[in-house]
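Hi,

Here is the structure I said I would pass on. Have a look at it, then read on for what turned up.

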Amino acid sequence: MVTYHKLMYLYKDAFNKKGIDLQVAKAFLFELCNEKGIDLYLELDNDADLEIVGRYENGIRRILNDEPMYYVLGYCYFFGYKLTVNKDVLIPRFETEELVGHILADVDTYFKDRDVKVVDIGTGSGAIAIALKKEESRLDIIATDISEEALAVARNNAKDNDAEIAFMGGDMLRPLIENGIKVDILISNPPYIPNKEEMEASVVDYEPHVALFGGDDGLDYYRMIFKDAHKVLNERHLLAFEIGYDQKEALMKEAEKYFPDHQIEVKKDINGKDRMMFIRHF
């Protein structure tokens with residue numbers, strides 16, 4: 001038998017060789033234990049459950065083969081809500097939680113005491129839409145995606161989290177335009193990685209490329225949204241985007257072309273990087 005403590009460090013050398021932080025192994029073991037109601041840190045010196053040992057060793061081999069830990073688990077947490085994730089959707093990032101936080105603050109500031117129509121373009125796992133609906137019930141949220149596989153994941157996540165969201169399939173703003181739908185808030189975390197940018201194997205080999213790459217400069221999907229946004233926005237509106245850390249200047253120029261009379265603001269994330277753009281008209 002092996003204790004949880006020994007199990008935690010069993011693959012230390014292999015992780016060091018691959019350049020993977022050992023905290024990944026610890027987090028993975030913690031989740032496996034948590035699923036079975038075991039408090040890992042109270043039972044570190046106890047013999048490990050044989051089922052957990054088997055799942056841990058199989059999962060670690062996949063992680064050492066560059067598969068993201070959350071795909072191995074089959075779920076992750078976003079804004080405190082548990083979401084299923086698989087190869088059909090991106091794994092939500094912590095930076096996107098900050099975007100949600102800022103949007104909620106803007107709802108309180110600019111849309112007081114009334115229902116608000118919101119669309120999340122390219123919803124993926126449904127993370128943004130679900131978090132917003134759970135945190136602010138008066139938001140009437142539509143979530144769109146071109147991928148039917150992603151929409152299936154998002155619908156299940158909304159159901160599992162008891163979040164009432166309307167899902168629509170289609171490319172970018174087309175579902176709204178074709179149905180004559182107008183919104184107060186338009187949100188998107190679109191693909192924004194330049195086509196030729198080098199990425200970690202865990203991202204390129206496992207996460208869906210349709211949700212990653214945004215053309216030669218990474219800005220293609222922003223331009224598509226900027227071009228058609230006026231067709232779906234009410235007079236008073238907010239647009240909110242996640243952006244690449246080095247895209248501020250280029251995106252500001254693009255946004256100013258389409259929204260000359262708007263307030264355009266880029267906010268930094270907790271690491272001091274430019275990661276969120278807000279375009280407001282009130």
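The protein exposes about 13900 Å² of surface, and 47% of that comes from carbon and sulfur atoms. Keep in mind that this is a predicted model.

As for what sits inside, 51% of the 282 residues are buried. Charged side chains come to 35 positive and 53 negative, and the centres of these two sets are 2 Å apart.

Now the overall build. You'll find twelve helices and nine strands in the protein. Along the principal axes, the C-alpha atoms fill a box of roughly 65 × 40 × 35 Å. The radius of gyration is 21 Å, which agrees with a compact globule, because one with 282 residues would have a value near 19 Å. Contacts across the sequence are worth a look too: of those with a separation of 6 or more, 65% are between residues 24 or more positions apart.

One spot to zoom in on is strand β4, which covers residues 139-145. Is β4 mostly covered or mostly open? Mostly covered: six of its seven residues are buried, meaning that each of those six has under 20% relative accessible area.

Strand β4 also has a partner. Strand β3, residues 116-121, runs parallel to β4, and six bridges join the two. To find the pairing on your screen, start from K117: its bridge partner in β4 is D140.

Cheers

Definitions and conventions
Residues numbered from 1 in each chain as written. Predicted model: local features only at pLDDT ≥ 70, side-chain atom pairs only at ≥ 80, totals over all residues. Heavy atoms only, no water. Helix = DSSP H or I, 4+ residues; strand = E, 2+ residues; numbered from the N terminus. Rg over C-alpha atoms; globule rule 2.2 N^0.38 Å. Buried < 20%, exposed > 50% of the residue type's maximum accessible area, 1.4 Å probe, protein only. Contact = heavy atoms within 4.5 Å. Areas by Shrake-Rupley, 256 points an atom, 1.4 Å probe, with all protein chains shown as cover. Lys, Arg positive; Asp, Glu negative; His and termini not counted. Charge placed at Lys NZ, Arg CZ, Asp CG, Glu CD. Pairing = 2+ DSSP bridges.
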